[in-house]
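Got a few minutes before you head back to the bench? Have a look at the sequence and the fold, and then we'll walk through the side chains by topic.

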Amino acid sequence: MVSATAAPVVPVVGGVTLPSPISYYGMSSDNIKGLVLALSSSIFIGSSFIVKKKGLKKAGASGVRAGNGGYSYLLEPLWWAGMIAMIVGEVANFAAYAFAPAILVTPLGALSIIISAVLAHIILQETLNIFGILGCALCVVGSTTIVLHAPREREIESVTELWGLATQPAFLAYAALVIAIALVLIFRYIPQYGQTNVMFYIGVCSLVGSLSVMSVKAVGIALKLTFSGMNQMIYPQTWAFILVVGVCVLTQMNYLNMALDTFNTAVVSPIYYVMFTSLTILASVIMFKDWDRQNPTQIVTEMCGFVTILSGTFLLHKTKDMADGSMSLSPRLLPKVSDEEDGLGQEGIPLRRQDSLRSREYSM
């Protein structure tokens, strides 16, 4: 009789035992590094909004508020402390993609919501009711599920190998489809419906964002290899990835700022998180073939974890929406409300990417 705890059978070739591509042996060292970086990023970014908000309030008490066009916050040390924390968090997030698959790193962005919500409750005395606590718990459970079942990072030896993955027919077809849909939305639908339906702005951000994450991951891996002694900056492919990152990020920032300027953050944030994370995972699965190294049970468990995070995210933002007196989440019926008492408007509970970009817009 075979013990239920016996090790899985693995193939033997030429007398050498090879690991099964779909067996689970615990997290790799690279995955652990990526996990630590992603968690650090969430802590820095989540706390940065609280510190910056304190700085904005302090600056607004003695000068013109940022919401009214003032720039007195630039002289406030607290605001700069928050900005530095955000920059550190973004750098850590960038580095995390060099060590761990996007399936692991991207959903963990929801943890910054928890950090911000808890600190806002403690430091800013903002209400965090039972539903908000439940939302935080769901995000933690979902994140833990994904972490425990995430695939191992694919071993990449050079940027030319990355270029080969990016130019495989399946990913080229995905990229072409993404670009085509984004262009149709930009030139056909946004001019007519952009001011009345948030899905068009967020659609462009999410589609282009999935390509930007793949390019960021490629640049991160190239830098990691360069720092380890294998210079990847001599390859034109590295600079091509950097160019794609620049174009995609600028496009993302532009249309995300449009969405945030037109619609409530409580509407934009959860919808953007769902679409952006879903498309990023899809792009990663196509380009890096993450699921080829997993069995069906692990894949289904990851998806359950992702859905759990989505549930927690929506619950947190719905709680904030209810607290602000706006009961509907319809993207058509919630234009942006001017409530700039502390210079941040309806800052809500921040998600990593959209609120960090929004902060850059405020600081300009």
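A quick bit of vocabulary first: a residue is called buried when its relative accessible area is under 20%, and exposed when that value is over 50%, with partly exposed in between. By that yardstick Glu 76 is buried, because its relative accessibility is 10%. Keep in mind that this is a predicted model. The topics below are salt bridges, the nonpolar cores, aromatic rings, a loop-to-loop contact and the cysteines.

**Salt bridges**

- The structure has two salt bridges.
- One of them joins Lys 58 to Glu 76, with 3.9 Å between the closest N and O atoms.
- This pair ties together distant parts of the chain: Lys 58 belongs to helix H1, while Glu 76 is in the loop between H1 and helix H2 (77-99), 18 residues apart.
- Lys 224 and Asp 30 also meet through their side chains in a salt bridge, at 3.9 Å from N to O.
- Here, too, distant parts of the chain are linked, as Lys 224 is in helix H8 and Asp 30 is in helix H1 (residues 29-62), 194 residues apart.
- How accessible are the two partners, Lys 224 and Asp 30? Lys 224 is partly exposed, with a relative accessible area of 24%, whereas Asp 30 falls under the 20% limit at 17% and so counts as buried.

**Nonpolar cores**

- As a rule for soluble globular proteins, nonpolar side chains tend to be buried together.
- In this model the largest nonpolar core has 76 residues.
- The residues with the most contacts inside that core are Leu 162, Phe 171, Tyr 174, Val 198, Met 214 and Val 268.
- Which helix gives the most to this core? That's H8, with 17 residues.
- A second, separate core has five residues, among them Leu 56, Ala 59, Tyr 73 and Met 83.
- Back to Tyr 174: setting aside neighbours within four places in sequence, Tyr 174 is in contact with Ser 210, Leu 211, Leu 279, Leu 282, Ala 283 and Ile 286.

**Aromatic rings**

- Searching the whole structure turns up seven aromatic pairs.
- Trp 79 and Trp 80 make an edge-to-face pair, because their planes sit at 85°, with the ring centres 4.9 Å apart; the cut-off for that label is over 60 degrees.
- Trp 79 is buried at a relative accessible area of 4%, but Trp 80 is partly exposed at 40%.
- Phe 171 and Tyr 174 form a tilted pair, 6.0 Å centre to centre and with 35° between the planes.
- Why are Phe 171 and Tyr 174 separated by about one helical turn? Because they are three residues apart in helix H7 (residues 169-193).
- Both Phe 171 and Tyr 174 are buried.
- Tyr 189, Tyr 193 and Phe 200 are joined into a cluster through ring pairs.
- Tyr 189 has a charged neighbour as well: Arg 188 lies over the face of its ring, 5.2 Å from the ring centre.
- Lys 217 has its charged end over the ring of Phe 288, at 5.4 Å from the centre.

**Glu 157 and Gln 232: two loops in touch**

- Glu 157 is in the loop between helix H5 (130-149) and helix H6 (159-166), and Gln 232 is in the loop between helix H8 (198-227) and helix H9 (236-262).
- Buried or exposed? Glu 157 is exposed, with a relative accessible area of 51%, and Gln 232 is buried, at 3% relative accessibility.
- Not counting residues up to four places away in sequence, Glu 157 touches Leu 225, Met 230 and Gln 232.
- On the same basis, Gln 232 touches Glu 157, Ser 158, Val 159, Ala 222, Leu 225, Thr 226 and Thr 238.
- Glu 157 and Ala 222 are 65 residues apart along the chain, yet 9.3 Å separates their C-alpha atoms.

**Cysteines**

- How many disulfides does the structure hold? Zero.
- Cys 136 is in no disulfide, and the nearest cysteine sulfur, from Cys 139, is 6.6 Å away; the cut-off for a disulfide is 2.5 Å between sulfur atoms.
- Cys 136 is buried, with a relative accessible area of 9%, and Cys 205 also counts as buried, at 1% relative accessibility.

How values were computed: Residues are numbered from 1 along each chain as its sequence is written. This is a predicted model: local features need pLDDT of at least 70, side-chain atom pairs count only at pLDDT 80 or more; totals for chains, interfaces and linings use all residues. Side-chain values use heavy atoms; hydrogens and water are left out. Rings of Phe, Tyr and Trp (its six-membered ring) pair if their centres lie within 6.5 Å; planes under 30 degrees apart count as stacked, over 60 as edge-to-face and the rest as tilted. Buried means under 20% relative accessible area, exposed over 50%, partly exposed in between (1.4 Å probe, protein chains only). Helices (H or I, at least four residues) and strands (E, at least two) are DSSP runs, numbered from the N terminus. A charge sits over a ring if NZ of Lys or CZ of Arg is within 6 Å of the ring centre and within 35 degrees of the ring normal. Contact means heavy atoms within 4.5 Å. A salt bridge is a side-chain nitrogen of Lys or Arg within 4 Å of a carboxyl oxygen of Asp or Glu. A nonpolar core is a set of buried Ala, Val, Leu, Ile, Met, Phe, Trp, Tyr and Cys residues joined through side-chain atoms within 4.5 Å.
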